[in-house]
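Here are some notes on the model, as numbered points. They cover a sheet, a helix and contacts that involve aromatic rings.

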Amino acid sequence: MRHISNISIPFWMRGLELFSNYHLAAALKVDPDNNAGELVVTIPSEAAHLVAEGTALRVGIEFSLEQPQGGIHFVVPPKEGTYAERGVHMFTYGHQNSSRLWFPCVDSFAETCTWKLEFTVDEEMTAVSNGDLIEICVETYHYSLNIPTCAPNISLAVGPFEIFVDPYMHEVTHFCLPNLLPLLKVTTRYMHEAFEFYEETLSNRYPYSCYKQVFVDETHEDFRSYATMSILSVNLLHSAVIIDQVYLTRRAMAQAIAEQFYGCFISMQNWSDMWLNKGISQYLCGLYCKKSFGNNEYREMIQSTLLDVVKYEEEFGGIVLDPSQPPAPLPVGANTPQTSQKTSEEKFYFFNKEPPHHVSNFLTNSYHWQQTRLSKNWKWPVGSHINQYKCLYLRQFFTVTGKDMAVFIDQWVRTGGHAKFHLTSVFNRKNTIELEIRQDATTSLGIRKYVGPLLVTLQELDGTFKHNLQIENTVVKADITCHSKSRRNKKKKIPLCTERSVDMDLSAMDDSPVLWIRLDPEMTLLRSVVIEQPDYQWQYQLRHERDVTAQMEAIVALERYPTPPTRLALTDTIENEQSYYKVRCRAAHCLTKVANAMVANWAGPPAMLAIFRKLFGSFAAPHIIRQNSFQNFQHYYLQKTIPLAMAGLRNTHGICPPEVIRFLLDLFKYNDNSKNRHSDNYYRAALVEALGNTVTPVVSVVSQGTPITAENLSADTKLILEEITRLLNLEKALPCYKYTVSVACLHAIRKLQKFGHLPSRPHLFKSYAAYGHFIDVRLAALECLVDFVKADGKWEDLQHVLDILENDPDPGLRHKLAALLIKNPPFKKAHRGRLDIPELVDRIWTSINCMLSHDTRLRCDLVDLYHTLYVKPSAPKPIPFLSDIKRAKSPTSISRDGPQPILMDTVECMNIEVVASEDKVKEEEIIDKKLLHQNQNRSISLIILFLCQEWVKVVR
């Protein structure tokens, strides 16, 4: 592998634009899709006539791989015994096309072929790879994959695995490390349902003859799909007594299986096709989660995904899924939406991260899956690329529906941004409601003008009525005649959209017959919505609307109305057994904010204390909690959430009420899990987190320079510290699942340090961050250590963090640590800090240019960190995107008159990690990120939305 040579140059000349140009040139020199590579095979002149004749040539490459820095990861626990007894194992990994790091290949998604794979391992080891296991000859495993597959979808795992054949599907085999077989059986017992669901949904059989799941340690992500197999993190395994991890694990495994259909069997050919593969697979996974966990869980997931994408776009700019070509110009007319991006807005693309999820919903859920299957004998082309499927799909979609998808693709796949609506309404005496919908923020970052249909739903006294409005301008006014008339009677049965009627107390209403208003309730658009309506309408919506997304919107809105009716509505929601558990938990946190705003006139015990004792207190002594019983999952999540919400309460002095602290300490004292069939580790971790949230800054400041001692602590703080210390020490003797209590204790100790109750020292966090501790504990310690470095750290402390970032054996932890530094940098941009020294600049710059040819994801992380720390707003900040790599005809030239501080032969860079620059990109944004979204039919919206969410998660 070749690297960028690092020549000592002045800091002010080390610009990311210069790095970007050389990075692009280096990527082009090794891009297999650009007829380039790192290994060039010259055909001898004696065989030139064979090429002219079109005769096939066989090329044999003998190679050895010694001390690989990337592509293959070895896990060697520091214990005594043989390799098998110690659980020593290895597996391949990497971001997207990284197969060339462990064997010579054309590392491109566009090049497919069949495979015969042979692996010779020790007798006590098992080799797991792609395709069917043909035979085991002595210690050599022979695999054959007859379906054409690209090199990035080839993988290998070797270890002393325990093997479990799925009892429901014998073609599915699971592999885990020694002594984990009981956990493996529990974890995978429902996996066959995902296969059955996908096959029924797609009306096609699983495309391969077998499927293998391998659970290994120290993975760089929770799962990664390859042809006929997936490599998953051992941390996804759980026992039957665990609750919280079940949902995460089942979703991860379902996503891995969905990517077997879209991602491995039907793969992308160009990087610009990635959004479709990722979108469809994540959409299918979402449908499976809907079937398994319910419609409420699914709709809440869509809403939270939408909010994350909207927040991300407003912070960084619009998300473009396919930057391979610009959208076609739209005809000019009154109804034409804005077609040009703001010149001040940087466009972000999803290439070098996992992408988003909102267009495939249209492709998968709408007319396509119902009509295409009925009208066509659909057959998948074997080993096809997604762009072949996409073209065939577009033709079939037009044949069945008569709709041309090209306009949609131009508007919402090749253009980024979302709509932002602001709705106000006034009721007049003519029984008409005057609506005004404004799009005032179309010039803001990440926001675009929307033109098209928009659904407005009015809940009136006589039922739910839907109105489709045509949005053509930034301000749209509409007069809607109500179907109901205001009545003076105080109670009435109101029919809802669910065709059920409920009794409502209408005493709070005015003359309007409208109970509440909703905008785009089905979330068919990528949009942000602000609705102005009286507080009683939000309270009615929270109490009586059965759609969980409407209830969530009402809870967020009621934070602005700290009144007794709001308090009552939130309290009733928390106690309502018919409400979705996440709505009840969100209402508890909202009640905390309302109670703090009403602290001057709050009457009675602290908020939610009576509710908790009513639900979980013993009958004889309500202040003593009953023995734990987590049979009712709704109550389990409430039992975790209410103490967390109460910990945020503050009195008039801005501190947590003493009775709340005593209440939390009593929960520890009386906690009894002896007769509970489920583990209480997540519950105890939530109590520790709640204790940490009660801590506020020291009120009485001791004299300057006086050390913090036990005598200086308040009585409540001493009790909190004693309880946290006891639990942290107990974890060493009796560890719980995934050390959740230790993680919470570390965060609580750091909070005590920040607020002046403990000396701010890093030694505890450094010890827990050392290699050998569980990954979650290490990440928690590193998060605290990064926060310490920013607040009180010295150069030696920052060096310790950077040493872990550069040299830690776990590649996944290095990436997550870089993300922590980007999120919480040691000093602010353009602000001189004690850690802003030349040594730090040199170290980051050297790593970017010379040290990370094997780990392009970490290279991009450090480019992000460099930008966060040093790039000023006035400087341009482009990084070349892969779309430019595909379109470029020659490397970017550098002026002879300008400095040439970097000499680059070629750089081994995973093609996907190269980021493309646009002409008028502003420097203020981040280096390589982003996605897309917007309009049309609900299904199309959803795939893009899921894709965007995946992008946001990875960027974080």
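1. A residue counts as buried when its relative accessible area is under 20%. Phe 630, with a relative accessible area of 0%, is therefore buried. Tyr 636 is buried as well, at 1%. Please keep in mind that this is a predicted model.

2. Phe 630 and Tyr 636 also form an aromatic pair. The ring centres are 4.7 Å apart and the planes stand at 55 degrees, which makes the pair tilted.

3. The total is 31 aromatic pairs. In one of them, Tyr 208 and Phe 265, the planes are at 90 degrees with the ring centres 5.8 Å apart, so this pair is edge-to-face. Tyr 208 belongs to the loop between α5 (191-202) and β11 (211-216), and Phe 265 to the loop between α6 (244-261) and α7 (274-293); the pair therefore ties together parts that are 57 residues apart in sequence. Tyr 208 is buried, with a relative accessible area of 7%, and Phe 265 is buried at 5%.

4. Which residues do ring pairs link into a cluster with Tyr 208 and Phe 265? The other members are Phe 195, Phe 197, Tyr 198, Tyr 206, Tyr 211, Phe 261 and Tyr 288.

5. Charges over rings deserve a separate point. Arg 567 has its charged end over the ring of Trp 602, at 3.5 Å from the ring centre. For Arg 626 the ring is that of Phe 619, and the charged end lies 5.4 Å from its centre.

6. Arg 567 falls within helix α15, which covers residues 564-575. This helix has twelve residues and spans 17 Å from its first C-alpha to its last, close to the 16 Å expected at 1.5 Å a residue. Its buried residues are Thr 566, Ala 569, Leu 570, Thr 571, Thr 573 and Ile 574. These buried residues pack against α13 (535-544), α14 (548-558), α16 (581-597), α17 (609-616) and α18 (633-646).

7. Turning to strands, there is an open sheet of four, in the order β2-β3-β8-β5, and the pairing is antiparallel. Its edge strands, β2 (72-75) and β5 (126-129), each pair on one side only. On average, neighbouring strands of the sheet are turned by 10 degrees against each other, with direction ignored.

8. Within that sheet, β3 (residues 89-92) and β8 (residues 156-159) run antiparallel and are joined by two bridges. Opposite Phe 91 stands Ala 157, in β8.

Technical notes. Residues are numbered from 1 along each chain as its sequence is written. This is a predicted model: local features need pLDDT of at least 70, side-chain atom pairs count only at pLDDT 80 or more; totals for chains, interfaces and linings use all residues. Side-chain values use heavy atoms; hydrogens and water are left out. Two strands pair if DSSP finds at least two bridges between them. Axes are lines fitted to C-alpha atoms, for helices over the stretch in contact, and angles run from 0 to 180 degrees between N-to-C directions. The expected span of a helix is 1.5 Å times one less than its number of residues. Buried means under 20% relative accessible area, exposed over 50%, partly exposed in between (1.4 Å probe, protein chains only). Contact means heavy atoms within 4.5 Å. Rings of Phe, Tyr and Trp (its six-membered ring) pair if their centres lie within 6.5 Å; planes under 30 degrees apart count as stacked, over 60 as edge-to-face and the rest as tilted. A charge sits over a ring if NZ of Lys or CZ of Arg is within 6 Å of the ring centre and within 35 degrees of the ring normal.
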